[in-house]
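Colleague: I'm new to this one, so please pick a single spot on the outside and take me through it slowly. After that, follow the chain wherever it leads you.

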Amino acid sequence: MNIVSVVSSRLAKDRGCIDTPSYVYFPEILDVNYASLKEYLGTNLIVSIKANSNVDLLSLSVVDKDGYEGTSLEELKIITQLGAKEKFINNPSMDQGLLRKSILSGATVIVDNLNQIEFLKNIKEDMDIPPVMLRVNPKALSTYYECLDTTKGDHFGMSVEDIDIAIDRLKEMKISILGLHIFKGSHSFKKSAFETLDLIKLLSEHCENKLGYSLSKLNFGGGFSSDWSVSGFDYESYRNKLKSFFSGYDLYHEAGRALFEAAGIYVTKVISTKTLGASDIAICDGGLAHNFLLAQTESTFKKFRKPSFVVSAGKRATHGECTIVGSSCNKDDVVGKIPEGEANPSVDDLIIFDRCGAYNQVYSPINFLSLKKAASYLMFLDKSEIVSE
């Protein structure tokens with residue numbers, strides 16, 4: 001039984017058990033996804049909480065996590081509250097204040113640029129600095145080593161030349177370097193995972209020669225698509241290459257979407273309906289301001305999602321294609337479509353979209369028009385209802 005069936009069944013029995021718009025999260029699904037992905041990779045697995053920073057969800061997830069990565073002061077507070085085995089802080093905009101608080105909290109700092117090394121130098125005047133990691137820019141790295149690269153450029157991390165400067169400055173400051181971090185972007189793992197290992201092997205050897213000692217940690221990033229378990233990727237060969245290249249290192253991957261996406265759904269209620277020409281419109285209490293990703297405003301070609309389920313409050317009519325819109329008075333506030341010929345929702349129906357556990361809530365412009373925020377709920381499953389995603 002999938003989670004949409006579970007939720008729709010429970011809502012049909014008690015429609016008032018949740019407010020709308022809302023997100024419903026399932027800790028057990030998060031646990032299943034984490035354990036499965038960690039087994040596939042054969043490395044430590046760090047949870048990237050920028051994908052979903054719901055403290056209750058993270059706290060009630062019972063599978064022991066290897067660590068968490070945060071990008072801001074608020075996320076640092078969350079991962080500290082969770083009592084993580086390992087904490088990492090990683091953001092090109094980290095200033096001296098955030099770096100100081102990260103160090104005091106016991107988090108490992110992932111240095112993104114040379115300015116952050118200057119901040120560390122200032123901090124070192126009155127406190128010890130524990131070992132750090134260095135983030136490398138994947139495009140700059142592949143260009144330096146003239147390897148085939150399938151990754152678009154971004155603004156994260158350092159060039160190899162800046163890595164060399166960083167090593168010299170940190171050696172002078174007597175701050176040790178634990179290892180390297182690379183991330184090639186969302187959905188990048190399948191197409192560039194093996195190439196990433198080649199690149200990091202070259203760079204780690206280069207850094208160790210310059211440092212005069214061995215690195216201990218290597219983080220290969222994430223970029224897992226939501227279908228990582230059925231994508232056809234050869235995880236066995238990948239694990240074998242990791243072992244042959246990096247024996248003796250602590251190896252890490254990180255994941256957000258792959259863990260959280262299937263562990264959450266989005267529910268919104270139809271508050272009004274109308275017909276314009278051949279199209280039906282379902283106007284809902286939640287839309288772009290609550291689930292920005294469903295609106296696809298950043299997509300060049302929009303292919304709106306069909307709802308996973310509609311919990312009906314009454315008779316549903318069949319007319320033309322139905323466009324599902326939100327409450328923000330924005331022409332782009334379209335979050336889904338129901339194809340022509342299918343039963344369209346009526347007033348008070350609950351519309352459910354699955355696979356909304358990653359980024360959908362945290363990436364939404366909740367202050368737009370001062371609309372109320374989407375509520376958050378946790379729902380627990382019977383063992384017979386838990387499925388691996």
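Modeller: Let's start with a nonpolar surface patch made of Leu293, Val362 and Tyr363, which together offer about 240 Å² of accessible area. That area is computed by the Shrake-Rupley method with a 1.4 Å probe, and for residues only the protein chains shown count as cover. To join a patch, a residue needs over 30% relative accessible area and no salt bridge; nonpolar side chains (Val, Leu, Ile, Met, Phe, Trp, Tyr) are linked within 5 Å, like charges within 9 Å. A salt bridge here is a Lys or Arg side-chain nitrogen within 4 Å of a carboxyl oxygen of Asp or Glu.

Keep in mind that this is a predicted model: local features need pLDDT of at least 70 and side-chain atom pairs 80 or more, while totals for chains, interfaces and linings use all residues. Numbering runs from 1 along each chain as its sequence is written, and side-chain values use heavy atoms, leaving out hydrogens and water.

Now zoom in on Val362. Its relative accessible area is 39%, so it counts as partly exposed (buried is under 20%, exposed over 50%, partly exposed in between, with a 1.4 Å probe and protein chains only). You'll find Val362 in the loop between strand S15 (350–353) and strand S16 (375–378). Strands (E, at least two residues) and helices (H or I, at least four) are DSSP runs numbered from the N terminus.

The loop between S15 and S16 also holds Arg355. Arg355 isn't a glycine, yet it has a positive phi of about 55 degrees. At 27% relative accessible area, Arg355 is partly exposed.

Lys174 has a positive phi as well, about 60 degrees, and isn't a glycine either. Lys174 is exposed, at 72% relative accessibility, and sits in the loop between helix H8 (160–172) and strand S7 (177–181).

S7 takes us to the barrel: eight strands close up in the order S2-S3-S4-S5-S6-S7-S8-S9, with parallel pairing (a pair needs at least two DSSP bridges). Neighbouring strands in this sheet are turned by 25 degrees against each other on average, direction ignored. Strand S8 (217–219) is joined to strand S9 (250–255) by three bridges, and Leu218 stands opposite Leu251 in S9. Helix H9 (189–211) packs on the sheet, touching S7, S8 and S9, and its direction makes about 150 degrees with that of S7. Touching means heavy atoms within 4.5 Å; axes are lines fitted to C-alpha atoms, for helices over the stretch in contact, with angles from 0 to 180 degrees between N-to-C directions.
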